[in-house]
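Me: Please examine the salt bridges of this predicted model closely. I would like a connected account of how the charged side chains pair and how accessible they are.

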Amino acid sequence: MPERTKYLIQVAAETAGAVIVAIAIFFAAREVSIPETNPVEGQSLKFGLDFGHFKIESDILYAGLSYEMIQRFAEENGCEADIRAFYKYENAQDSLKRGVVDILVIPCRDSLHHKVHLDSLAASKRLNKEICWVARREDREIISYINSWLRELCHSEEFEDLMERFRFMPSSSRPPVQFREQKRLSPYDDIIKFRADSIGWDWRMLAAVIYTESKFAINVTSPVGARGLMQIMPLTARVYEVENPLDPEENIRAGASYLARLDKLFRKIEPAQERVKYVLGAYTAGESRILQGMQRMEMAARDSLQNAEIDSMVTAQVDSVKAADMDSTSVSTPAEQPKWITNANMYIDRVMKVYADFCRICPE
């Protein structure tokens with residue numbers, strides 16, 4: 001055999017050997033990076049959802065999906081999960097670095113707000129190319145464990161079903177084909193049906209209220225502090241013992257209970273289709289305003305409100321906060337009525353329209 005041929009064979013063998021060693025080292029490193037024991041078992045971890053600057057409505061309800069995945073992770077790995085949402089102007093990554101939260105779930109977007117500083121943070125694999133879990137660098141063992149858990153989950157049929165369930169309905173009047181075929185409205189249909197049945201409501205009406213309030217996004221917040229799927233105010237949360245307004249079950253339970261209370265408050269108004277307008281008006285504008293308006297009308301007209309339209313009722317109402325400074329006859333025409341009355345009417349119209357759309361998607 002020529003010397004040149006021997007030399008080439010020797011070089012090829014050495015190269016192949018080097019490649020094999022490199023591959024062995026690579027896979028050995030991967031095995032070492034994944035903890036042999038569960039590093040989160042028995043721990044109480046604080047999770048943060050940082051979707052405040054992210055258009056979650058565009059495709060998937062990522063905040064709701066992430067909340068459910070965190071709950072699943074905690075259940076399957078023997079740890080407790082305290083979950084909170086970060087809202088606009090809150091610095092979630094600073095909270096992570098300071099130890100206020102242990103793990104952040106963030107969108108993988110090329111924005112300054114969500115740029116991951118690899119020198120101080122450890123990030124998981126991207127989930128559906130959109131979101132990842134982030135921890136402090138010293139907790140990279142936990143992220144490695146999370147990576148192995150995410151990898152197993154993402155390759156399961158169950159995950160595909162989960163992603164499909166959290167697909168967003170961009171328009172209730174023109175829903176995607178799968179919503180009509182599956183006769184579903186949201187990721188929370190089972191919870192909504194259960195709560196609606198408990199208060200004697202059509203579940204599609206309860207779903208319409210939730211859609212109008214939050215578009216089924218759990219991390220929505222209002223300037224006045226209302227939070228979650230049904231935009232629960234802090235006082236309502238305390239009354240109905242809501243520990244975490246971010247939790248879908250707790251939020252819907254409290255919202256449905258409050259609607260049941262309002263329904264009982266206006267029980268004398270018949271028929272039920274008319275009563276629901278008063279309930280919706282009170283839900284968005286406050287029961288004291290609606291009750292004050294009803295009282296003023298009774299004093300003025302001495303007549304039954306059973307067949308009155310809510311539009312004619314609210315035009316005679318006076319904002320309870322300003323009642324002491326306003327004359328009882330100062331609000332007389334739609335052009336002069338307080339802004340909250342106009343907003344309440346618009347809210348009722350929106351809910352009723354969404355309800356009609358939902359009835360077409362789910363005939364029963």
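Reply: A salt bridge is counted here when a side-chain nitrogen of Lys or Arg lies within 4 Å of a carboxyl oxygen of Asp or Glu. By that criterion, Arg204 and Asp202 are joined through their side chains, with an N to O distance of 2.8 Å. Arg204 is buried, its relative accessibility being 11%, whereas Asp202 is partly exposed at a relative accessible area of 26%.

The predicted model contains 16 salt bridges. Side chains of opposite charge can pair when their charged atoms come close.

A further part to consider is the salt-bridge network that links Asp102, Arg136, Glu138 and Asp139. Within it, Arg136 pairs with Asp102, and their closest N and O atoms are 3.3 Å apart. Arg136 belongs to strand β5 (residues 131-136), while Asp102 sits in the loop between α3 (92-97) and β3 (103-107), so this salt bridge ties together parts that are 34 residues apart in sequence. Both Arg136 and Asp102 are buried; for Arg136 the relative accessible area is 11%.

Arg136 also forms a salt bridge with Glu138, where the closest N and O atoms are 3.7 Å apart. In this pair the two residues fall into opposite classes because Glu138 is exposed, with a relative accessible area of 58%, and Arg136 is buried, with 11%. Arg136 thus has a buried partner in Asp102 and an exposed partner in Glu138.

Methods. Residues are numbered from 1 along each chain as its sequence is written. This is a predicted model: local features need pLDDT of at least 70, side-chain atom pairs count only at pLDDT 80 or more; totals for chains, interfaces and linings use all residues. Side-chain values use heavy atoms; hydrogens and water are left out. Helices (H or I, at least four residues) and strands (E, at least two) are DSSP runs, numbered from the N terminus. Buried means under 20% relative accessible area, exposed over 50%, partly exposed in between (1.4 Å probe, protein chains only).
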